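Trainee: I have just opened a structure that is new to me, and I would like to learn how to read it. Could you walk me through it?

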Amino acid sequence: MKLERIWFGGDYNPDQWDENTVNEDMRLFRQAHINMVTLPVFSWAKLEPEEGEYDFGWLDKIMDKLAENGIGCNLATPTTAQPAWLSTKYPEVLPVDMQGRKRTHGMRVFFCYNSPKYRQRAAAIAGEMAKRYSKHPALKIWHIANEYGTYCYCPICRQKFISWLQHRYGTLDKLNERWFTSFWGRTLYDWEEIQLPTELNDDYRFNPTIQLDYMRFVTDSTADCFTNEYNAIRRWCPDVPIQTNMSGFIKKLDQFVMASRMDIVGWDNYPWPTDDKSLVALKHDIMRGLKGGQSFMLAEQSPNQQNWQPYNKLKRPGEVRMLSYQALAHGADSCLFFQMRQSVAGQEKFHGAVISHSGRSDTRVFRETARLGEELEKLSPILPGMRSKADTAILFDWNSWWALENCSGPNRDINYLQTVQLYYRAFFEKNMPVDILPEDAAFDGYKVIVLPMLYMFKGDLGERLTRFVENGGTLIATCMTALADENDHCAFGEYPGPLREVLGLRIEETDALLQNCTNAVIWDRREYVCRLLCDVIHAEGARVLGTFKNEFYAGSPAVTVNDFGRGKAYYIGTQPDLPLLSDLAERLPLSPLADASEGMELTRRSDGENEAVFALNHAQSEGYVDLGAREYTELLTGRKATGKTLVLPNDVGVFAARKE
Ligand code: GLA
Ligand code: ZN
């Protein structure tokens with residue numbers, strides 16, 4: 001699966017505009033090198049004014065105009081916003097929220113993903129569109145619905161959940177065992193006694209395993225809802241790729257499951273002004289990891305400010321360009337915006353757009369967009385489909401994320417994504433690339449595997465990691481790693497159950513530090529701040545590298561390493577601040593991608609024949625990357641480059657060469 005070029009453009013809502021404006025837009029799009037628009041995301045009510053009565057005349061015209069102007073279409077099924085008639089005629093399509101309230105019609109992404117009526121009508125319009133447009137020259141890719149992620153607790157979902165559980169567990173005895181219903185006397189004697197975990201019964205607090213299963217069920221149901229439309233399209237359109245755009249807030253749905261149903265991953269990047277660049281990089285790397293390293297689509301980002309953050313800062317000159325190159329550097333093959341033309345009314349009237357209310361093309365944002373579009377044409381012939389391969393892998397798991405944060409204790413400030421980012425950042429800042437892997441991936445070819453708070457260990461993961469170390473790999477485990485099985489039952493026996501042997505230690509208890517309280521790790525006479533949790537550890541074979549400074553466990557192990565087989569297994573029994581992890585990274589059998597100045601972000605993508613080295617200078621001063629002895633061509637300027645090569649402040653170099 002490879003895009004034919006870098007798609008540049010984004011969401012366009014021509015249903016808001018008259019024909020003159022649409023014609024003017026075509027002109028402006030060409031001027032800005034836009035080659036792809038996403039539409040008609042919100043036009044179900046326009047395209048199907050009555051059940052089964054379709055009116056595609058308007059869309060036909062738009063599609064033809066796009067084709068005439070050489071612009072491709074990321075053709076969206078409009079199923080994210082069902083028409084009012086659908087909600088009115090069949091109230092079952094409206095969701096029930098966690099408070100138990102039946103919602104009324106109005107909002108988008110406001111439907112029950114399990115409703116048979118919703119699925120039937122969604123498949124019908126998706127099928128009609130596929131029948132009509134599968135051979136249309138503008139059609140390049142399909143886009144189903146928009147940012148799935150509603151949780152529903154309606155009676156249909158309850159019945160489906162019961163069937164899902166019957167399928168998963170077979171018998172009620174097994175369900176009682178896995179849900180550990182002996183705790184607080186919750187034994188079930190009939191499937192019909194099962195309730196959904198809502199606020200009406202205090203949701204997860206009474207049983208985290210039920211909550212966990214519900215999140216798994218919502219993921220599976222949402223994936224089925226996607227597949228419902230996928231199949232309807234495939235009947236008429238056998239080979240155009242199909243995707244959906246994932247929300248930037250990715251906790252709610254297990255995206256490994258969602259991605260397994262898609263031909264290419266797409267995601268929406270809306271960083272907050274306070275986000276560190278390593279967080280954005282990590283999210284891209286997660287997206288690249290969802291389909292085993294396959295490149296993905298940057299499906300949305302704002303060409304300027306957002307409207308829905310509390311403070312919607314303008315993107316500074318060059319900022320969108322940098323964010324776009326960062327996406328491409330980490331594996332994106334498209335650069336799409338929300339949106340092309342700014343709405344004059346409605347919720348998003350103050351959201352940034354390529355064409356603002358003024359309608360002018362001499363604005364800062366339009367000019368920056370056009371320049372970027374022109375530049376990307378230079379990368380287009382080589383970039384799509386290029387992959388990257390790191391020596392380090394971080395295992396990332398939605399089930400662990402959910403279980404860890406649903407957990408009552410030991411510390412309410414536990415934050416999975418922040419913890420993953422902390423570890424990721426230590427490598428990121430040294431330009432040591434990282435791949436994100438699911439816990440059931442093969443570990444061959446990796447030198448280092450990191451398990452930041454990988455709380456839940458499923459199946460034979462412990463054994464596979466033990467073999468990885470035995471065969472020469474380096475493992476890094478942290479506090480809260482390997483404490484529970486897939487049902488969220490704690491390891492019976494000593495912690496951390498399946499990793500005890502390879503880590504060569506045992507954890508007796510874990511102290512929670514109050515908010516803003518710290519302890520310290522003394523390691524090689526240096527003192528490193530740590531917080532959140534401190535494990536009381538007994539080394540049983542592991543060498544003690546660092547010890548706690550304070551509390552009754554002062555002097556006891558905080559950081560250890562165990563030589564095991566031909567490899568090493570580190571344990572970090574607390575949440576250290578970044579400096580400890582940066583120093584740890586130096587000790588690992590890893591090297592940076594290349595020598596570079598402070599603030600230079602480096603990545604490498606390759607297709608086996610050619611490679612592209614990205615150098616993003618985030619610093620406010622001139623920087624360099626050392627390209628070594630080979631001769632590269634910098635793709636944006638066409639200049640030859642070799643050895644120590646200059647990159648201007650806030651600028652980017654994309655250096656291409658044939659692979660040696
Ligand atoms: C989301 C949606 C878009 C739009 C943008 C605004 O990502 O998918 O439809 O609402 O946010 O930032
Ligand atoms: Zn429902």
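**Reading the loops, sheets and ligand sites**

Mentor: Gladly! Let us begin in a loop: proline 40 sits between strand 2 and helix 2 (44–47). Keep in mind that this is a predicted model.

Trainee: Which form does the peptide bond from leucine 39 to proline 40 take, cis or trans?

Mentor: That bond is cis, with omega near -5°. There is another case to look up: phenylalanine 338 and glutamine 339 are also joined by a cis peptide bond, and omega there is about 0°. Glutamine 339 belongs to the loop that runs between strand 9 (332–337) and helix 12 (364–379).

Trainee: What is the phi of histidine 33?

Mentor: Its phi is positive, about 60°, although histidine 33 is not a glycine. You will find histidine 33 in the loop between helix 1 (19–31) and strand 2.

Trainee: Strand 2 keeps coming up. How do I read a sheet?

Mentor: Start with the general idea: strands of a sheet pair through backbone hydrogen bonds, and they do so either parallel or antiparallel. Here, nine strands make an open sheet with parallel pairing, in the order 5-4-3-2-1-9-8-7-6. At its edges are strand 5 (242–243) and strand 6 (245–246), each of which pairs on one side only.

Trainee: How many bridges join strand 1 to strand 2?

Mentor: Three, between residues 7–11 of strand 1 and residues 36–39 of strand 2, and the two run parallel. To place them by eye, find aspartate 11, which stands opposite threonine 38 in strand 2.

Trainee: Where can I see antiparallel pairing?

Mentor: Look at the open sheet of five strands, whose order is 21-22-27-24-25 and whose pairing is antiparallel. Its edge strands, strand 21 (600–606) and strand 25 (640–641), each pair on one side only. Strand 21 and strand 22 (residues 610–617) run antiparallel and are joined by seven bridges. As an example, arginine 604 has valine 613 in strand 22 as its bridge partner.

Trainee: Now the ligands. Which residues surround ligand 1?

Mentor: Among them are Phe42, Arg108, Asn146, Glu147, Asn245, Tyr270, Trp308 and Phe338. You have met Phe338 already, at one of the cis bonds. By class, the shell holds four nonpolar, three polar and five charged residues.

Trainee: How far are the polar side-chain atoms of aspartate 268 and histidine 351 from an oxygen atom of ligand 1?

Mentor: For aspartate 268 the distance is 3.5 Å, and for histidine 351 it is 2.7 Å. Glutamate 348 also takes part, with a side-chain N or O atom 2.3 Å from an oxygen atom of ligand 1. Ligand 1 has 300 Å² of accessible area on its own, and the protein covers 96% of that.

Trainee: Which atoms coordinate the zinc ion (ligand 2)?

Mentor: The SG atoms of Cys112, Cys152, Cys154 and Cys157, at 2.2 to 2.3 Å. Along the chain, these donors follow the spacing C-x39-C-x1-C-x2-C.

Trainee: And what geometry does the site of the zinc ion have?

Mentor: The general idea is that ideal angles for four tetrahedral donors are 109.5 degrees. In this model, the four donor atoms of the zinc ion (ligand 2) make angles of 99 to 117°, and the site is tetrahedral.

Terms used:
Residues numbered from 1 in each chain as written. Chains lettered and ligands numbered in written order. Predicted model: local features only at pLDDT ≥ 70, side-chain atom pairs only at ≥ 80, totals over all residues. Heavy atoms only, no water. Pairing = 2+ DSSP bridges. Helix = DSSP H or I, 4+ residues; strand = E, 2+ residues; numbered from the N terminus. Near = heavy atom within 4 Å. Polar contact = N/O pair within 3.5 Å; in protein donor to acceptor, adjacent residues only side chain to side chain. Areas by Shrake-Rupley, 256 points an atom, 1.4 Å probe, with all protein chains shown as cover. Nonpolar A, V, L, I, M, F, W, Y, C, P; charged D, E, K, R; others polar. Donors = N, O, S within 2.8 Å, 3.2 Å for Na, K, Ca; no water. Tetrahedral: all angles 85-135°; square planar, octahedral: opposite > 155°, others 65-115°.
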